Structure formats: structure tokens, C-alpha cells
Amino acid sequence: MSLRRVGGLGRSLWQSGSRTPPLARKDRNFSSRRLAPCSSCGAEKKCREGLCITPSPPAVPTASPAGSRHQLGGKARTEESLNVSGRSFSSTALKVEQKSYLWARYNEMKRLVHDLIPPGVCNLLNSSTIYANNEVSLSEVDIYGFDYDYTLALYSNALDAMIYTTARDFLIKHFKYPQAISKYDYLPNFAARGLHYDIQKGLLMKIDAFHYIQLGTVYRGLNPVPDEEVLRLYDGTHHVPLNQVSGFYGKGPNVKQYMDVFSLPEMTLLAVANEYFISSGIEYDPVHLYKDVSEAIGMVHIKGYMYKWIMEDLEKYILRGEETYAVLHRLVSDGKKLFLITNSPFSFVDKGMRYMVGKDWRDFFDVVIVQADKPHFFNDCAKPFRRLDSKGDLQWDKISNLEKGQVYKQGNLFDFLRLTGWRGSKVLYFGDHLYSDLADLMLRHGWRTGAIVPELELETKVVNTEQYAQSLTWLQALTGLLERMQMYRDPDSRKVLQEWLKEREELRIRTKNLFNPQFGSIFRTCHNPTYFSRRLCRFSDLYMASLSCLLNYDLSYTFYPRRTPLQHEAPLWMDQLCTGCMKTPFLEEMAHIR
């Protein structure tokens, strides 16, 4: 979309949406200006400095009694005669039927949104883009570090189904759960990353950055919980107290947040197990259910089932391995140092890297560390490094330096920093788990961090659809109308506003369902960032769908974060242009407080 088209749309929305009168100010030359047909619409309007101003809206009833006076700049101002920005309001002004006026404004705005969105607006986002939360210059980065799972190696959805099925069978065989649970197969599109689970209430939900539950996204089992019941369960509010979700690694005393891609099977199994007991009328303890499901999922990893499946069928489970090779080759060719820190065992990593990169994959890395036990690796100095020989057997010699070509196990970041000297912003580390991979590095050690968010590919496709662009833009414009027209409080106007509120809620549901019918986008609730999104911005300098996004940028490229305006700053982006900058509908009535 060209800047000219964006500017035209912005000006049109601004002109239609910013008609709340500002404070009175002197305009000595306004009396010399004449009424003339506007070049843009042909109607007779008052034109001043190229800004079209439609005729005055109907008189708005105020809370102040007739004849009351307000002081502004030491001069008396009466309600009978108020001159605001060149427009005169008085008791003799033409009375326009308010209901008709509201619908006229509604139709005008809807026409603008429909007609002025350029055809190419739906193809602006590229899923291969790297997004910046903080300014990062790759020319200053000399050392690149990587996690393995869902960073160097991306996995197919078939792996989630295998994890779910095996953990479900563990519940039946080892924890003696009813055999009937086996009828529930994996639901690949049910859960989404970043959700919270209330352990005591057995509820899966989405929470925003301010700890408020997004109503309509609370599930007990496989069914949504009515909003009224959610409010009752949380003592009349949909706010979750900070102490319940404030654990640094995403787990409070009563609420668990699922932050990595591996958590999708666990959330689905929790929902399915709850659903079975509820639908069967069987009493159960949600806390014990949570513990049993968590342990069953853990057994899949601890017993090595996941590693075995992947190693036996690399082609089925590992995606886009050639892109991993291309990234590593390019970085090394440019003289960068590379290191790997992963929780996975060496035999598993070696098999996968040989498949993606080749048998000499370790030549790319200056340091390789396996079974690191993150996040403890980053914040605990208790475990020393141990070296593995060519067969993967543990050696007990003291580690006084980290050598290229060797493989090390466990250890800790403090010894890593001491032995390598790799500190500060010259190091950029990539991982998929915001807490285990990135949080400590960003907050405590000053490394640059890059988050791998595979969901960006799907979300970008949705954002690029015409349906989403039209729905979101109209939602923002309608919200702006509601904000400014709420001062009309006669019965007919109230009915109009209620219709708009109902339409706004329908638009919210429609845009949410485009991403995920149950929980919507992983980045937003209705209008606020999600809890996941806020942590993503806090713990990562950059984020992207996959490591291969690096191939689209020169290694001296500087990423600049977009300067999105704060609420009190001038409107610069589309949603602010639709909403308008005048946030106080009774601004002229509040002038006396200055």
C-alpha cells in the first residue's frame, strides 16, 4: 500500500472521526472566510486550512444546569453562547434529530472504511520477516548461540499427536484411568501456546497482559464456560491476582502458563481428561488430575519415547533441515562464532544434526553443550562441565577450557562466561521458550535474544486476508464512534449505542475466530496484548517464525523497532487514525479545571 493511499485514508478517517470540539481558541481571521462547496464532497461546509468540518451536530444535553458559568482564562463563559473553534453553539441552534445524526455518522464511517482500504493492503506482511522489540545491529554481534528443539530443528504436527497419544495411554495403564478415555483422539487445533491453566478449578484460559481473563476463552474440558460462571468463580471479577501467576518461570501457586510448543499435547490432554469425567458424571479432584497428566507427559520425555520416534523417522518429523544448514553455513562463512546449548541428549542431537547439516556438523560450532538443564544452567553455578568422548560416554577430567570439536554436558553459564569471555550484546542467543531459553539471558546477563515463534506463519496468513483487514479496521472505527458519541444519552440514542456495542462484540468474536475458534490469536486478546505477548516483548530483542528468516537479511543489518504511539501521544497508526485523538468527549465542559 503506497504512502499516498495510507495518507488519504488516514485524513478521511481523521476528518470524519475527530469532530469532538476542542477548547475554545481565538481565530481573528475566521470571520473573513466564506462558506463554499467542499472540493472533496461538493457539500456546503466550513473549510479552514483544508480541513472539512461538517455542520454542527445536534445539541448535547449536559449535566450542568442552564445558565451555569465556567471560568476559562479569567473570562465568563455561558452555556447560551459558546464559541468553539470557529463554531457557535446556542439555544437557538438548529435541532437535528439525534438518532438520525448518529446513524448518519455510522454510515459515513462505514463507507470510508469500505471504500478507502486499498486493494494491496491485505498483502503487507511477510511471514519471513524478523520483528524487533529492541534496536539490534547485527554488525555488533560476533557470537550466535542456539537451542536445538524448535530452534535448529523444527518438528511436524505429527509429533504432537504421538506425544498426546502416548501420554493418554500412560494415564490408562500406569495411573489406572478409565479405558474409555482412549476414545478421545488428539485435537490439533484446540489449544494454543501461551494459555493459562487454573489448577484448582480445572480451567484452561487466555489471560491478557494486565492479568484479566478474556471472557469467551475459558474452557472446562472441551466446552466454554459462560461468562457469568467465570465471574462467579473469580469472586465477581475476571482478574487473576498477581501472586497466582507471578512465578518467574510461568508457574504460580494456582496457575500454570504453557509457554512452549511442546505444551500443546499437555493442554489438550488436560482438556480431554476433564471432559471425560464431567460428561460421565464422575467426581474427581482437578489438582490430582493436573499432577497425573503432567507426570504422564513427563514420562514421554524422560523415558525417551520422543527421541526414539524422531530418530527412527527423521524425514517424517524434522522440517526444513536444509534451511538450518544454510543459516549455519552463512554465519560461519562470515566469521561468526557459534555455540549450542540444549537440554536434549547428545545421541539425539547428533542424529538430527547429521540429517540436517551433515556428519561434520560439529565443525560449525565452537562450543557444544548437551543436557544443560535449562533454565537452571543460566542461574545456578552448582553443576560443573563434564566432557563426553566420541562414543558419548562421560569423562571425569577437570574442564579448564571449552574446546572446539568437543561435546560437554551440564555445566552452568557462570563457568561458560568465565571460560569463553562471551559477554554482553555481542552475543545473540535463539530459543523458543521465553522463560527457559531467554528470560535469564536478557534480564541478568545482557545477551541479545531472539525468540522462535512458529505460530507467526499462520497468524501472518490470517492478518493478510481481506476479511481480517476489513473487520479489524471497521472494529476500530466503530470503537471510535462509540467513544465520541457516548454523550448522547436520550432513550433513542442509547438504543443506537447498544446496537453498536452488540455489533462491536460480534466483530471481536469474528476476528478472534479467524485465528483459533477457542482462544484466538496468541498475541492479542480483544484489544490488549496477551500475557504471552507481553513476555515476548520483555524477554526477546527479536522474534521470528524460524531461524531461516535470517537468510533474508545482511549480517550488518540493523533492526529498528516500530515507534508505536503511547495513548497520550499523537495518532500515527491506523487504529489511532480511526479512533481519533480526542479522548475526552466533554472536553469543553472540563475546561474550568485547568
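**View 1. Strands E20 and E21 make a hairpin.** Two bridges hold E20 and strand E21 (residues 394–395) together, and the strands run antiparallel. Across that pairing, Arg387 has Gln395 of E21 as its bridge partner. Five residues sit between the two strands, and Gly392 in the turn shows a positive phi of about 90°. Keep in mind while zooming in that this is a predicted model.

**View 2. Strand E22 pairs with both E20 and E19.** Strand E20 (residues 385–388) is joined to E22 by four bridges, with the strands running antiparallel. Look for Arg387 here too: in E22, its bridge partner is Tyr408. Next along, Arg386 stands opposite Lys409 in E22. Now turn to strand E19 (residues 367–370), which pairs with strand E22 (residues 407–410) in the parallel sense over three bridges. Tyr408 shows up again in that pairing, as the bridge partner of Ile369.

**View 3. Phe339 and Tyr429 bring two strands together as an aromatic pair.** By the ring-pair rule, the model has 44 aromatic pairs. In this one, the ring centres of Phe339 and Tyr429 are 6.0 Å apart and the planes make an angle of 20°, so the pair is stacked; the cut-off for stacking is under 30 degrees. Phe339 belongs to strand E18 (residues 337–341) and Tyr429 to strand E23 (residues 427–431), so to speak a long hop along the chain: the two are 90 residues apart. How accessible is Phe339? Its relative accessibility is 0%, so Phe339 counts as buried. Tyr429 is buried as well, with a relative accessible area of 0%.

**View 4. Tyr429 also pairs with Trp447.** Here the geometry is tilted, with 6.4 Å from centre to centre and 45° between the planes of Tyr429 and Trp447. Tyr429 sits in strand E23, while Trp447 is in the loop between helix H14 (434–443) and strand E24 (448–452), and the pair is 18 residues apart. Trp447 has 1% relative accessibility and so counts as buried. Pull back a little and both residues turn out to belong to one aromatic cluster, formed by Phe339, Phe377, Phe378, Phe385, Tyr408, Phe416, Trp422, Tyr429 and Trp447. Tyr408 in that list is the bridge partner of Arg387 from View 2.

**View 5. Two positive side chains lie over tyrosine faces.** Lys201 lies over the face of Tyr234, at 4.7 Å from the ring centre. Arg535 does likewise with Tyr531, at 4.0 Å from the ring centre.

**View 6. Arg508 is buried without a salt bridge.** Which element holds Arg508? Look in helix H17 (residues 491–515). The nearest side chain of opposite charge is Glu505, 4.1 Å away, against a salt-bridge cut-off of 4 Å. Setting aside neighbours within four places in sequence, Arg508 is in contact with Leu475, Cys526 and His527.

How values were computed: Residues numbered from 1 in each chain as written. Predicted model: local features only at pLDDT ≥ 70, side-chain atom pairs only at ≥ 80, totals over all residues. Heavy atoms only, no water. Phe/Tyr/Trp six-rings, centres within 6.5 Å; stacked < 30°, edge-to-face > 60°. Buried < 20%, exposed > 50% of the residue type's maximum accessible area, 1.4 Å probe, protein only. Lys NZ or Arg CZ within 6 Å of the ring centre and 35° of its normal. Pairing = 2+ DSSP bridges. Lys, Arg positive; Asp, Glu negative; His and termini not counted. Contact = heavy atoms within 4.5 Å.
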